[in-house]
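Here is a quick walk through a structure you may not have met before. Take a look at the sequence and the model, and then we'll go through some of the details together.

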Amino acid sequence: MTYPAYGVLRPVTASASVLLAENPSVMTLEGTNTWVLRGADSTGCVVIDPGPDDETHLRRVRACGPVEEILLTHGHPDHADGARRFAELAGGVGVRALDPALRLGSEGLAGGDVVAAAGLEIRVLATPGHTADSLCFLVDDAVLTGDTVLGRGTTVVAHPDGRLADYLDSLRRLAELPPDTTVLPGHGPELPDAAAAATAYLAHREQRLDQVRAALDQLGRDASPRQVVEAVYADVDRALWPAAEWSVRAQLEYLLG
Ligand SMILES: [Zn+2]
């Protein structure tokens, strides 16, 4: 099967399959990955990130079977906008997220929680940084990373909600996962080793920080974020510069306080 394939549920691990939403863009890569988790003997499933409010996509996800839980990795609209409608389609299942504003029903979700559903135990990791409300979910030998680690390229630290110090901390914790933990990301293809991916992200962040320090040495400490973007992200597609500016603001806050 060629990647991406819209509208086709693609099994990735023994318990996780992905349905790709048709919302491609420079920020979302081929689109948002909606993950459907199901244990071997379960008819029901757990849905991670229903995705954008796209009726066709949501109905495809709904067709995967009875929905026991709906969990959100974070509140960005490409992951969460469809959650309310999806919950309706699923017959009134709640929506669980760290941010109370995103929840539907009474049950919350936070780091340290274990969600037992669809024949699985899903462990919740608090991984702030991309956003303050970012969570990862461990299931069997895989970790669902939302936008904390992507299948390709790197992610943004969505300043001021996302903070770089938190993000580096979250990456360090992901770097301690057992080897061969599969990354099931919010965008892009799965990756074979979460610890390796997180370690590479850390190295990339350190490199960017060094570049920002060098730019500040040249431009002065009161350089604007835009000036720093032009100096540091010259190698990056200009369509990504607005997003790069969020990350630069996060880096400036980290370096200058
Ligand atoms: Zn996001």
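## A metal site and the strands around it

Let's begin with two histidines: His 74 is buried, and His 130 is buried too. Keep in mind that this is a predicted model.

What do these two do here? Both help to coordinate the zinc ion: the donors are His 74 (NE2), His 76 (ND1), His 130 (NE2) and Asp 147 (OD), at 2.1 to 2.2 Å. Along the chain, the donors of the zinc ion are spaced as H-x1-H-x53-H-x16-D. His 74 sits in the loop between strand 5 (67-71) and helix 2 (77-80), while His 130 sits in the loop between strand 8 (120-126) and strand 9 (135-139), so the pair ties together parts that are 56 residues apart in sequence.

Why does the arrangement around the zinc ion count as irregular? The angles that the 4 donor atoms subtend run from 89 to 158°, and that makes it irregular. For a tetrahedral label, all angles would have to lie between 85 and 135 degrees.

Now for strand 9, which follows the loop that holds His 130. Is strand 9 mostly covered or mostly open? It's mostly covered, with 5 of its 5 residues buried. That goes for both faces: Leu 135, Phe 137 and Val 139 are buried on one side, and Cys 136 and Leu 138 are buried on the other.

Strand 9 also has partners. It pairs with strand 8 in the antiparallel sense, and it runs antiparallel to strand 10 (residues 142-146) as well. In the hairpin of strand 9 and strand 10, there are 2 residues between the strands, and Asp 140 takes a positive phi near 50°.

Elsewhere, 6 strands form an open sheet in the order 1-2-3-4-5-6, with mixed pairing. Its edge strands are strand 1 (10-11) and strand 6 (95-96), each pairing on one side only. Strand 5 and strand 6 pair in the parallel sense.

Here are the strand pairs side by side:

| Strand pair | Sense | Bridges | A bridged residue pair |
|---|---|---|---|
| Strand 8 and strand 9 | antiparallel | 4 bridges | Ala 126 and Leu 135 |
| Strand 9 and strand 10 | antiparallel | 3 bridges | Val 139 and Ala 142 |
| Strand 5 and strand 6 | parallel | 2 bridges | Ile 70 and Val 95 |

Finally, a word on rings. How many aromatic pairs turn up in a search of the whole structure? The search finds 0. One ring does have a charge over it, though: the charged end of Arg 208 sits over the ring of Tyr 233, 4.3 Å from its centre.

Notes: Residues numbered from 1 in each chain as written. Predicted model: local features only at pLDDT ≥ 70, side-chain atom pairs only at ≥ 80, totals over all residues. Heavy atoms only, no water. Phe/Tyr/Trp six-rings, centres within 6.5 Å; stacked < 30°, edge-to-face > 60°. Lys NZ or Arg CZ within 6 Å of the ring centre and 35° of its normal. Donors = N, O, S within 2.8 Å, 3.2 Å for Na, K, Ca; no water. Tetrahedral: all angles 85-135°; square planar, octahedral: opposite > 155°, others 65-115°. Buried < 20%, exposed > 50% of the residue type's maximum accessible area, 1.4 Å probe, protein only. Pairing = 2+ DSSP bridges.
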